[in-house]
Amino acid sequence: MAAGLSNALKTARHRLRSAAVRNNSIPVQQPAWGPATCGASGLDSSSGRAAPLSKSHNTPPVIHSFTQQTRFQSFTQIRKMSSSNSRRLNIDNINPHVRAAKYAVRGELAVKSEEFRAALLRGTSDIPFSQVISANIGNPQQLDQKPITFFRQVLSLLENPLLLEKEDILINHLGYKTDVIERAKWFLKNVGSVGAYSASNGAPAIRQHIAEFLERRDGFPANWQDIYLSAGASSGVNTLLHIICADEKSGILVPIPQYPLYTASLSILNATCVPYLLDESKNWGTDINTIKESYQKAKDAGVDTRAIVIINPGNPTGASLSEEDIRAVLEFARQERLVVLADEVYQTNVFIGEFISFKRVLRQLQKENPDGKYDCVELASLHSVSKGMVGECGHRGGYFELVNFDPEVQAEIYKFVSIMLCAPVIGQCLVELMVNPPKAGEPSYELYQKEYRGIYEGMKERANALHKAFEQMEGVECGAPQGAMYLFPTINLPPKAAEAAAKEGRTPDEFYCMKLLEATGVCVVPGSGFGQKEGSLHFRTTFLAPGTEWVGSIVKFHKEFMDQYR
């Protein structure tokens, strides 16, 4: 198994090196997060589009272990092999938009961390740490978050309905409660086998329960026919961007820093990223004037900006928007006829403030303005089972709800999701369990509440411990944990560190994060992977990993790093 993983990682490294060959150059400092990189300045001054990667920026970072000379020699040899290869596809003739897309969360550092993991499994003894901490991605159960018992018990019966023939054993010997069995039977009656396709937009009975959840959450009715189940929220984002983006002039306002799903998807669609900076001095809040400036700059350059992305609570920042901020965004969307894409997958991960949904505020604005002023503001809001206290990333379950969309556009959305047949049905069932968990008085409620609160409090405790550690570190600035699963500290590095990074063809934050991984086994993501204000440096880390030893190793590494490059 380890050998297989090692070979797969070697193949991945080979591809990274092959990609770097295209321009026969080593990549220099760059934000590694977009097709057409949405830099801090926003748009290319001549075209208004997100500034495209320069020739030397058009390649992914190279693997750290190669010397500069070896890199050039290896790249040249691989290039010659590629040109004489008899295969139909090579790195130069595949879809250039896929090739240009960047996704730092699973980029070079993640590949390197898996190499270390494989080496540790083989028993390699010359590595200065005993485990790899994958703090680069919000993958809770990889980092020992336990699944909710009620959810998994129900799923087990859906995967193997024959177990229902032995209810007495389930209840008396395996700890199943009667409400688990009742819910499984409900699914089997109303959804059917999880091995069969559902309706393309999801099982109607599940969509109805989502609508009921939304009505409880927001205090306004929801129509189950406006809800589409998806393979995680990412699939929903992909669907919506495909519908919205018509050509290279189609622009999408994207917050910076942002989850790189958006810029990568826009790259593949050959559409235009219109970046707007979040305000770090105000806990990464939105600034409506900054949004307006970015929109106008794009408009002046001929970009047809069609939508605005809001991640609430934020990724990578964790910030929750106030009702005032949400109202301002919706009013701007009304004025400029923008679709609002509200990514709300972290809605239960809130430590400071409260989560307020865009749907609730939009409906409130409609209620306050019965003249129909807000009746054409199109909103698509997304949620997922991957985050929060559910943490079921691997089951790929999510949904999006459409508000105020043209029925003919919705018909095209239905057609688009039909091409992929349907979201995984077991994931759809998990969505139903997330929005309709055990209620007070039901047999599984007490255990569900204990597990749910335990996960939440543990997450909050680890977030505060990590924040406290950052406060002790020289040159590191980090606001108090607000929510989501991440901290996004600013790091101020010595000039000598920047010089050393440049010699390796890396940005200073990439260099720092690579050195951190090599010294401690802790894998984080450089801020350039999410976009950051020009002249600033950050990294994103989850606070999902159990224990505190890994936090101490970061503090120790940072002191030694600063002393080395002081």
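How many bridges join β3 to β5, and do they run parallel or antiparallel? Four bridges join the two strands, and β3 and β5 run parallel. Strands here are DSSP runs of E with at least two residues, helices are runs of H or I with at least four, and both are numbered from the N terminus. Two strands count as paired if DSSP finds at least two bridges between them.

Before selecting anything, note that this is a predicted model: local features need pLDDT of at least 70, side-chain atom pairs count only at pLDDT 80 or more, and totals for chains, interfaces and linings use all residues. Residues are numbered from 1 along each chain as its sequence is written, and side-chain values use heavy atoms, without hydrogens and water.

**The sheet**

Select the seven strands. They form an open, mixed sheet in the order β2-β8-β7-β6-β5-β3-β4. β2 (227–230) and β4 (272–277) are the edges; each has a single partner strand, so one side of each lacks a neighbour in the sheet. From one strand to the next, the twist averages 20°. Angles are taken between N-to-C directions, from 0 to 180 degrees, with axes fitted to C-alpha atoms (for helices, over the stretch in contact).

**The β2 edge**

Go to β2 and β8 (residues 398–403). They pair antiparallel over four bridges. Pick Ser230: its bridge partner in β8 is Gly398.

**Around β5**

Now select β5 (304–311). Six of its eight residues are buried (under 20% relative accessible area, 1.4 Å probe, protein chains only), so β5 is largely enclosed by the rest of the structure. Leu253 has Ile308 of β5 as its bridge partner. With β6, β5 pairs in the parallel sense over five bridges. Ile311 is matched there with Asp343 of β6. Follow the chain from β5 through helix α12 (residues 323–336) to β6: this β-α-β crossover is right-handed (clockwise from first strand over helix to second, strands pointing away from the viewer).

**Helices on the sheet**

Add helix α11 (residues 288–300). It lies across β3, β4 and β5, at about 150° to β4. Then show helix α13 (residues 358–368), which touches β5, β6, β7 and β8 (contact means heavy atoms within 4.5 Å). The direction of α13 makes about 15° with that of β8.

**Last stop: α9 and α10**

Select helix α9 (residues 232–244) and helix α10 (residues 261–269). Their axes come within 10 Å and cross at roughly 40°. In α9, Ser234, Val237, Leu241 and His242 meet residues of α10, including Tyr262 and Leu266.

Note on methods:
Buried means under 20% relative accessible area, exposed over 50%, partly exposed in between (1.4 Å probe, protein chains only).
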